[in-house]
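Reader: I should like to discuss the structure shown below, beginning with how its helices are arranged.

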Amino acid sequence: MKAQRVSLLLVAAVLFLCSVHARGLRRCLVSMDMRHVVESFQEIKKAIQAKDTFQNVTILSTSETLHRIKPLDVCCVTKNLLAFYVDKVFKDHQELNPQILRKLSSIANFFLYMQKALQPCQEQRQCHCREEATNATRIIHDNYNQLEVRSAAIKSLGELDVFLAWLDKNHQENSAA
């Protein structure tokens with residue numbers, strides 16, 4: 001009888017600690033109004049995708065990569081993909097059209113703001129990168145690196161709606177929980 005009580009107490013303690021840890025992770029999720037960014041992208045999507053010469057290739061490969069991200073990995077993948085777009089895609093893309101450039105600049109600034117919002121979680125070590133998250137990010141980088149730099153940047157920008165939808169889904173649903 002005592003062994004059952006001890007076991008029950010241990011299970012209760014583990015569940016409590018998991019609950020506290022999960023609540024800590026939820027604080028790392030950034031709840032923002034994505035409408036402006038989505039609208040900005042929708043206004044330039046056709047123009048960017050028209051420049052994409054590799055229609056049968058994907059970089060984000062949604063079915064394999066983003067849809068399989070577990071809630072524990074959302075912070076890490078968000079952090080890594082924001083860095084991917086800010087440090088690689090936006091810098092590698094060369095845009096001559098000033099209207100498209102303004103929209104891309106607005107989206108890049110939003111991503112920088114999100115990075116800044118995630119900074120406290122990283123500093124408090126609440127944004128863990130498990131192997132699955134690291135692998136997902138590596139796949140995206142590998143896909144990008146298989147193409148010539150300009151083509152890869154255009155492809156990634158053309159798939160930005162996939163990342164924006166993933167951000168919206170994962171940061172809106174979970175932040176309310």
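Reader: How are α3 and α6 oriented to each other?

Author: In this predicted model, the axes of α3 and α6 come within 8 Å and cross at roughly 120°. An angle counts as roughly perpendicular from 65 to 115 degrees and as roughly antiparallel over 145. The crossing of α3 and α6 falls in neither range, and the two helices are therefore oblique to each other.

Reader: What is the handedness of the crossing of α3 and α6, and which residues in α6 does α3 meet there?

Author: The crossing of α3 and α6 is left-handed. From α3, the residues in contact are Phe84, Tyr85, Val89, Phe90 and Asp92. Their partners in α6 are Val149, Ala153, Ser156 and Leu157.

Reader: Which residues of α5 are buried, and why do they line one face of the helix?

Author: The buried residues of α5 are Ala133, Ala136, Thr137, Ile140, Asn143 and Tyr144. Seen down the axis of α5, these residues fall within an arc of 120°, so they line one face of the helix. What covers them includes α3 (74-92) and α6 (149-158).

Reader: What span should the 15 residues of α5 have, and how far apart are its end C-alpha atoms?

Author: Helix α5 covers residues 131-145, and at 1.5 Å a residue it should span 21 Å. The separation of its end C-alpha atoms agrees with that expectation, being 21 Å.

Reader: Is Lys155 buried or exposed?

Author: Lys155 lies in helix α6. Leaving out residues up to four places away in sequence, Lys155 touches Asp52, Phe54, Gln55, Val57, Thr58, Ile59 and Leu147. Buried means under 20% relative accessible area. At 4% relative accessibility, Lys155 therefore counts as buried.

Reader: Where is Phe54, and how far apart in space are Phe54 and Lys155?

Author: Phe54 is located in the loop between α2 (35-50) and α3, and at 31% relative accessibility it counts as partly exposed. Beyond its neighbours within four places in sequence, Phe54 is in contact with Leu147, Ser151 and Lys155. Phe54 and Lys155 are 101 residues apart in sequence, yet their C-alpha to C-alpha separation in space is 7.6 Å.

Reader: Among contacts in the chain between residues at least 6 apart in sequence, what percentage join residues at least 24 apart?

Author: The chain has seven helices and zero strands, and 40% of its 177 residues count as buried. Among contacts between residues at least 6 apart in sequence, the share joining residues at least 24 apart is 91%.

Terms used
Residues are numbered from 1 along each chain as its sequence is written. This is a predicted model: local features need pLDDT of at least 70, side-chain atom pairs count only at pLDDT 80 or more; totals for chains, interfaces and linings use all residues. Side-chain values use heavy atoms; hydrogens and water are left out. Helices (H or I, at least four residues) and strands (E, at least two) are DSSP runs, numbered from the N terminus. The expected span of a helix is 1.5 Å times one less than its number of residues. Buried means under 20% relative accessible area, exposed over 50%, partly exposed in between (1.4 Å probe, protein chains only). The arc is that of the directions from the helix axis to the C-beta atoms. Contact means heavy atoms within 4.5 Å. Axes are lines fitted to C-alpha atoms, for helices over the stretch in contact, and angles run from 0 to 180 degrees between N-to-C directions. Angles under 35 degrees count as roughly parallel, over 145 as roughly antiparallel, 65 to 115 as roughly perpendicular and the rest as oblique. A crossing is left-handed if the near helix is turned anticlockwise from the far one by less than a right angle, and right-handed if clockwise.
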